[in-house]
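Work through the two exercises below with the structure in view, and try each task before reading its solution.

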Amino acid sequence: MSFFKKLKEKFTSSAETTEVSNKYKSGLEKTRSSFSTKLNDLVARYRKIDEEFFEDLEEVLIQADVGVMTVMDLIEELEMEAKRQNIKDAADLREVISEKLVEIYADEDNTAEAPVNMQSDGLTVFLFVGVNGVGKTTTIGKMAHQLKQQGKKVLLVAGDTFRAGAIEQLAVWGERAEVDVIKHNAGSDPAAVIYDGIQAAKSRGVDVLLCDTAGRLQNKVNLMNELSKVKRVIEREIPGAPHEVLLVLDATTGQNALSQAKTFSQATDVSGIVLTKLDGTAKGGIVLAIRKELKIPVKYVGLGEQMNDLEKFDPHAFVYGLFSDMLEKE
Amino acid sequence: MAFEGLAERLQNTIKKMTGKGKVSEQDVKEMAREVRLALLEADVNFKVVKDFIKKIKERAVGQEVMNSLTPGQQIIKIVKEELTDLMGGEQSKIAVSERPPTVIMMVGLQGAGKTTTTGKLANLLRKKHNRKPLLVAADVYRPAAINQLETIGKQLNLPVFSKGTDANPVDIANDAIAHAKEEHYDYVLIDTAGRLHTDENLMTELREIKENVDPAEILLVVDSMTGQDAVNVAESFDEQLAVSGVILTKLDNDNRGGAALSIRAVTQKPIKYAGMGEKLDELEVFHPERMASRILGMGDVLSLIEKAQENVDEKKAKELEEKMRSATFTFDDFLDQMEQVKSMGPLEDLLGMIPGANKMKGLKNAQIDEKQLVYVEAIIHSMTKKEREDPSIMNASRKKRIAKGAGRPVSEVNRLLKQFEEMKKMMKQMSGMQKGKKGKKKKGLNLPFM
């Protein structure tokens, strides 16, 4: 069975997965159409595989923000693979291309998906970190809503005491999702708010505590130290927590996302990524580069502006979304 | 990290070429490849890069290089020239309407930094241009966006016009203009909601606001970390609204900001300001030629020198020079000097502006701990006046007292004293050497503790 058929089968086998993949398909409409149209264009234009073909392929991938280094490695592997399998026809290579991409996305440790560390009983703590304007507070709002729908008792902590209006913004999300928000005044010590949040979560018997933090650029050493302190407070108060440190990344971001992932990991030991605004951007390739270079998995994706537009990241569904045009043509 | 590797490789290639007396076509090809990689890694759009490299290659193999005495340097010059050219050489000013108020619309994607930038721009208009600005909260969609602008308004002591979240943004804009005319405001800054360039409903809303208020400027706010997509965003906003300029935000990050180049090349619209920090006075006029250096990773000497000039008190610098020469430099002077350097901004930023600093051993990944400076200050502050003027009277019990006062170990006090003595010695030598060429010394750049 060919690789594409397997993927296709996986996603048409049950009604539930079809729904998920449809969501990915609509959210990734722009991503998919531009990326795979280009890939198809490319394959159509070249009958033979030559240097020029690989150069153009490189461009297609770079334009998807995959990153120069990752692309160069990938091209090199493809060239080797083409030689090894004696592929001369461009159309035949198409499958190898997507196979390689899936490999990076999904097959890092032979596990297709990175599970989210949710405690079956007792308190689960998620810490959200990231640079300014990526959508941390919005993501927390969406997640609070979804967890609440699942019957969990959720509490939010307004750890962004710096940005004007941030506490109010989280409070509005709290109202929408009908969950409580622990907050201090603007300008107070974020570690202290988080501490209070933990105490409140413990005494109220909360299932999931979602901690917001102020956006900060990763090259501000003192702000990164502040973040480490927040994490230490959580660690000290609850053994094993935070259960997830989620780096929120804007999908529009270019190569700087790598630097963000690296530095935030050093400060807070990031366990997963939330890729936001994937509905708006035409790209999403930076995920590939981060996965390849830093081994950090994507755990959630933001696919729209509605409360429900936060999905668990499913690498297969993601790749299916990217390549579904090509799959359907087969 | 991949990126540092590239900047280094580019610098190595440049270094190799700088020394060469003759440049072969192969050399040019190699150079072009490195420049291409550097630009792509800086997030410059690949189409823009393609055109750029073609131009460089044409000029580099042409007469002007081959006949030059230093072909290596000549090529670097070409790269910088072309890059600066692409960035749009001149600085661009903000518009003023003949009949006030001048209306400015702020537009962009979600999270680009529109609200903060609106506040910063109003602050700059008031401070540097002596104008009276009115802030208008027209983002009725994002939770607490109005609250955010109002808080910023309060911090800056500037008025904010708002009608709550139930009002229509077009009505808000109209009413704000009417209010501004009555109250004789010079500028009206409309903060609009972040939106996707592909969101037709919201883009129509922006067009309606535009038709109603007839803005003198429509400024597109763009996150400098944006990747290849920057071109699509800018093109789309420009097509639908005819943007008049761009403000680049979050440029105080370690990104290269290639998006700036892409946007400029594709839309031909000038980048007017750059956001350089979270504080509300950290909006700077954009210097295209400096951005060119930054994108290539060549450092930013101009900015550094200007920063020094802006912040270093000339009279104090003169006095200091005098003191150095006569070797009467005391701990008080040392404190003074530290203050001046600190006012130039974070040390790390300063380091980043020195070309080649990322190549220097030890400085490469140096994370300068600003706390160390605070400790040094604390130690000096714990000294008596006499001790500061004449450290030679220092003895064990004095040191112990100082250490206790500063809350630092005695060893740190000892280290500081030793460094201070060495510095004085060095100054003596330096001033001896300088006697011949007075006034040539770069003021403000003597950073004894760096």
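**Exercise 1.** Work out how helix 10 of chain A and helix 11 of chain A are oriented to each other.

*Solution.* Helix 10 of chain A and helix 11 of chain A are oblique to each other, because angles under 35 degrees count as roughly parallel, over 145 as roughly antiparallel, 65 to 115 as roughly perpendicular and the rest as oblique. Helix 10 (residues 221-237) and helix 11 (residues 256-268) of chain A pack at about 45 degrees, with axes 8 Å apart. The contact (heavy atoms within 4.5 Å) involves Met224(A), Leu227(A), Ser228(A) and Lys231(A) of helix 10, and Thr263(A), Phe264(A), Ala267(A) and Thr268(A) of helix 11.

The model is predicted, so local features need pLDDT of at least 70 and side-chain atom pairs pLDDT 80 or more, while totals for chains, interfaces and linings use all residues. Residues are numbered from 1 along each chain as its sequence is written, chains are lettered from A in the order in which they are written, and side-chain values use heavy atoms, without hydrogens and water.

**Exercise 2.** Describe the contact between chain B and chain A, beginning with how many residues each chain gives.

*Solution.* Chain B gives 42 residues and chain A gives 47. The buried area (accessible area, 1.4 Å probe, lost by two parts on being put together and summed over both) is about 3700 Å², with 54% from carbon and sulfur atoms. Next, two salt bridges (a side-chain nitrogen of Lys or Arg within 4 Å of a carboxyl oxygen of Asp or Glu) are counted between chain B and chain A. A salt bridge joins Lys220(A) and Asp252(B), whose closest N and O atoms are 3.0 Å apart.

Key:
Axes are lines fitted to C-alpha atoms, for helices over the stretch in contact, and angles run from 0 to 180 degrees between N-to-C directions. Helices (H or I, at least four residues) and strands (E, at least two) are DSSP runs, numbered from the N terminus.
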